[in-house]
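The following exercises concern helix geometry, helix packing and residue environments. Each task is followed by a solution in steps.

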Amino acid sequence: MGSTDRIGLFVYTGPCDYRSLLVCLLRVEPYLADRAAIVLAGYEQAGTQQAIADFLNVRLAGCKLDSTAIAEDLPAGVHLLLWDRQAEQSNWPPHVQIYPVDRIVEDPTTSERLAQIDLVRPERLLSMVYDEARFHHAEHRFDRAEVMYQTVLRRDLQHLGAQLNLGFLYYEQGNWDQAIEAFWQTLAHDENKAEAYYGLGLTYAKLGEPAHAIAAYHQALDRQPDHFNALNNLGNLYYDLDHLDRAADLFERAIEAQPQRAGGYLNRARVDLEYHKLEAAIRWYEQGLMRCQPEVERQSWEDLRHSLEVVKRYQIDPCPLYHQLATHATQQTQPRRALRHYHSLYHHQPNPIHARSLIHCHRTLHQHADARTIVIDELSRTPQDVPLNQLAIQIELDLGQFEQAQERAEIAIRQCPNSAKLQLQRVILVPILYESQAQIKRCRADVFAGLSWLEQEIDRSLASMSFVNPENPASFVNPENSVNSESPANLEQHGSGRAKQTDDPGLIAITPSEWLEAIAQQTNFGLSYQGYDDRPFQERYGRLIRRLVCAVYPEFAAVKTQYRHDRILPRHRLKIGYVSSSMGPSRLGELTIGWIEHHDRQQFEIFGYYTQSSCDALTARFRQACDHFRHFPDRDLTTIAQTIANDRLDLLIFTDLGIDPLLGVLAAMRLASVQCTSWSHPITTGLETIDYFLSSVAMETEISDSHYSETLVRLADIGIVFPRPVFPNALPSQPHSNTESPATVAAPVTPSADDVSSPRSSLRQQLGLGITKTLFLCCQSLFKYLPQDDPIWAAIAAGVPDAQLVFIAHPSPQITQRFRQRLERSFAEQGLDFDRLAIILPRLSEADYLRVNQCCDVFLDSFHWSGGVTTLKAIACGLPVVTCAGELMRSRHSAGILQTLGMTETIAVTPVDYIDLAVRLAHDRVWRQQIRDQIMVRQDRLYDNSACVQDLEALAIGQIFPQKQQPLVT
């Protein structure tokens, strides 16, 4: 072989072990040209580096190459070895150099030199980088792949493959905003790229925006009608939305596009099963088994075979199928689909269990009249079924029939006198919506009277049991005395066994454990919405729960008065736990996630305890933010308590006591050295086991301490870390430019009310709102609006002739109707037409709710229980907020938010001031715009403000653990 025939570029893709690589390099070296390059693709092991170093030292020792430097400098991925045997006559460096290909692409000088000696053209190098990026992407080395895709794009902005794959890389990592931007950038260069629209569909679906996802999939199919994955995914979206006919059509198109793929047959059969058409589903499975290739899609082919066998068995007895489909639909929060299956199940096997499931579906769909029919019919056959009786009472409340609910409770108790759940339900029974202030006072008196009765009955229940002293079996200890002397030693001598029931037939037949089980399933949530200081009731109720916990769970009852010195040494992090039922689909979770995300992890170790089954994107945020995340979908009280106790926490925070009754029982235990609650539910717990109430300096007054049984802690500003809301944006009909971001849109500036052609007016029209009216947003839950305040809304409407007060319906149509009737009476008393001056919108999605905020002119806060999350989102839209601060913290949320902004001019002192402020904002558009402008300028004071977390951490280190003398270090 002559020198002109020698190799200029050698690409090695063989084994990467030391021996194989070294032998290959030694064998090929004689055939390399004087100016040559060796490309090594995808090798990162130390053996590879050593083989290269030894090869160069043996064959090219005169190049003065340092093998140590090679090992250190050799980057991951593709590597290029360059040399010139006649370095003195060339412009190459007088030694061997090692470059990663992406670095060569970034270095024009080196790239041009390679091109000059005709080794590797720049475009070939770029292709090599792109191929390596795809290799790393396929191997899930996302960081390396992202760098290399970006390298390609810096040299070629229109490289569609790199831009598109970058979008899918971000999608696989869960970086939804970056994925959307990358897909739109792809479409900016090629608007007909079906795969980019497909990627948008995937991402919007993950973001919980099915309308945008559907639009994107349709765009993909317009450009590539046989796109198998787009057809299947779009069909799945329609399936989830219960548009089964559309889903069936798309699945059939997927089968036609790729008849050898099993997914289309599985999905198409699924639609027939939803309609309970078993024979039709069997035919699809059989077609799939005949056409699909098991050697290509082994698992999917097995799924077809298994599904066929199962469905054939269902032909004999379809009830297991109905139950399976109903359960799955319930887990996926698809009540309409679950209702269909439970109807079939109840028809084939009528019993109380299936009846309750069917009733729950009707209630979820707010079909309360249908639920009442079923429950009454089933109770006629099984009148002593306690859960059915509980449902019957609750359904009457859903229908707004409080008197009927009371009558139903009396009937149920006569049927089941020894049911703790029914007895407790009767005691804390209050309406969802009150008709008058007099009714509030009557209900309040009834609840306090019921509490006195409950105390007597629990006293009798506790008196009927005795704690056996294992050292002296003949002795007995009065449980009341044990509660009053709760040292660990005293409780320890009683043992960990459960209390024993006496045989006295004169005592009530409800045991303490049954009372505690009832309390763990029902909350006195409604009492706190009556507008009064509830500390007296909460303390009495808290003592009851505490006594029952001491009796039933003595192992979790001890009050720990000594701090654990082993956990506060300088080199240990303090353990903070958060227990909550709102780490999923709940607005309340938004109030506490910021605490966890902003903790100093060098000083604190974070534990999360989630007590509900439903999960969503917020759950993922909690899981990621915690060092340890425990999920308890089964809500087993003992398991949760034992798990928390085993973690040996220094500080335990209950984020939503008073909302989830299970947490109330857990909070009555002593599971950590120090226990706190927060203002997510701003009511004192009345529990001696809760040491601190974490509130806000902006929302409390000088006399607020008297409202709490806990020690009140005023954290900085609003006391929480709330992120700036992200506003919805419609799916654009054209791709975004390089400078546009599809993730957010700015809050609108108020246009003239006469500008009927503005986008804001168009949005008002879409939402059914008055185009030229002054819109007052009154968006609180309807049960927050107490009847004594009804004249205030009418007075505001009377002062603003073009007003439209915008309320949002309650989930129950009957409750909404009762609220409407109540306001209609108040408006009529002032000679006003409610329908002309107010509107009650149906329940809204989160996106539409934010759009309504953007459309309105003024936010009117509720009295007695102020807006929290709602106010924070209204402020983000620039809405002026009118509020009237009361004495209780729960009536001061909005006032605290405005105080933090430094904007107190719209905080009223009296209801008359409140009316005047609302009317002035309606008429004085200049002032209103000034308020909006100031809000937008000052928002940084409010959102993502972590000063409260620093206060919380200082509390943990300084006040809760005063013996700690120096900062924590790791």
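Contact, in the exercises below, means heavy atoms within 4.5 Å. The model under study is predicted.

**Exercise 1.** Determine whether the end-to-end distance of helix α9 (residues 176-189) agrees with the span expected for its 14 residues, and establish what its buried residues pack against.

Step 1. The expected span of a helix is 1.5 Å times one less than its number of residues. For the 14 residues of α9, this gives 20 Å.

Step 2. The end C-alpha atoms of α9 are 21 Å apart, which agrees with the expected span.

Step 3. A residue is taken as buried when its relative accessible area is under 20%. In α9 the residues that count as buried are Ala179, Ile180, Ala182, Phe183, Trp184, Gln185, Thr186 and Leu187.

Step 4. These buried residues of α9 have α8 (160-173) and α10 (194-206) as their packing partners.

**Exercise 2.** Describe how helix α23 (residues 420-427) and helix α27 (residues 512-519) cross.

Step 1. Two packed helices are described by the angle between their axes and the distance between the axes.

Step 2. The axes of α23 and α27 come within 8 Å, and they cross at roughly 50 degrees. Because of this angle, α23 is oblique to α27.

Step 3. The crossing in which α23 passes α27 is right-handed.

Step 4. On the α23 side, the contact is made by Ala420, Lys421, Gln423 and Leu424. On the α27 side, Glu514, Trp515, Glu517, Ala518 and Ile519 take part.

Step 5. Sorted by class, the contact of α23 with α27 has 5 nonpolar, 1 polar and 3 charged residues.

**Exercise 3.** Is Thr870 buried or exposed, and which residues does Thr870 touch?

Step 1. Thr870 is located in helix α38 (residues 869-876).

Step 2. Its relative accessibility is 6%, so Thr870 counts as buried.

Step 3. Leaving aside residues up to four places away in sequence, Thr870 touches Arg587, Cys779, Gln780, Tyr849 and Phe859.

**Exercise 4.** Characterise the backbone and the accessibility of Arg648 and Asp944.

Step 1. Arg648 is not a glycine, yet it has a positive phi of about 50 degrees. Asp944, also not a glycine, has a positive phi of about 55 degrees.

Step 2. Arg648 lies in the loop between α31 (637-646) and β11 (651-654). Asp944 is placed in the loop between α41 (925-938) and α42 (947-960).

Step 3. With 38% relative accessibility, Arg648 counts as partly exposed. Asp944 is likewise partly exposed, its relative accessible area being 44%.

How values were computed
Residues are numbered from 1 along each chain as its sequence is written. This is a predicted model: local features need pLDDT of at least 70, side-chain atom pairs count only at pLDDT 80 or more; totals for chains, interfaces and linings use all residues. Side-chain values use heavy atoms; hydrogens and water are left out. Helices (H or I, at least four residues) and strands (E, at least two) are DSSP runs, numbered from the N terminus. Buried means under 20% relative accessible area, exposed over 50%, partly exposed in between (1.4 Å probe, protein chains only). Axes are lines fitted to C-alpha atoms, for helices over the stretch in contact, and angles run from 0 to 180 degrees between N-to-C directions. Angles under 35 degrees count as roughly parallel, over 145 as roughly antiparallel, 65 to 115 as roughly perpendicular and the rest as oblique. A crossing is left-handed if the near helix is turned anticlockwise from the far one by less than a right angle, and right-handed if clockwise. Ala, Val, Leu, Ile, Met, Phe, Trp, Tyr, Cys and Pro count as nonpolar, Asp, Glu, Lys and Arg as charged, and the others, Gly among them, as polar.
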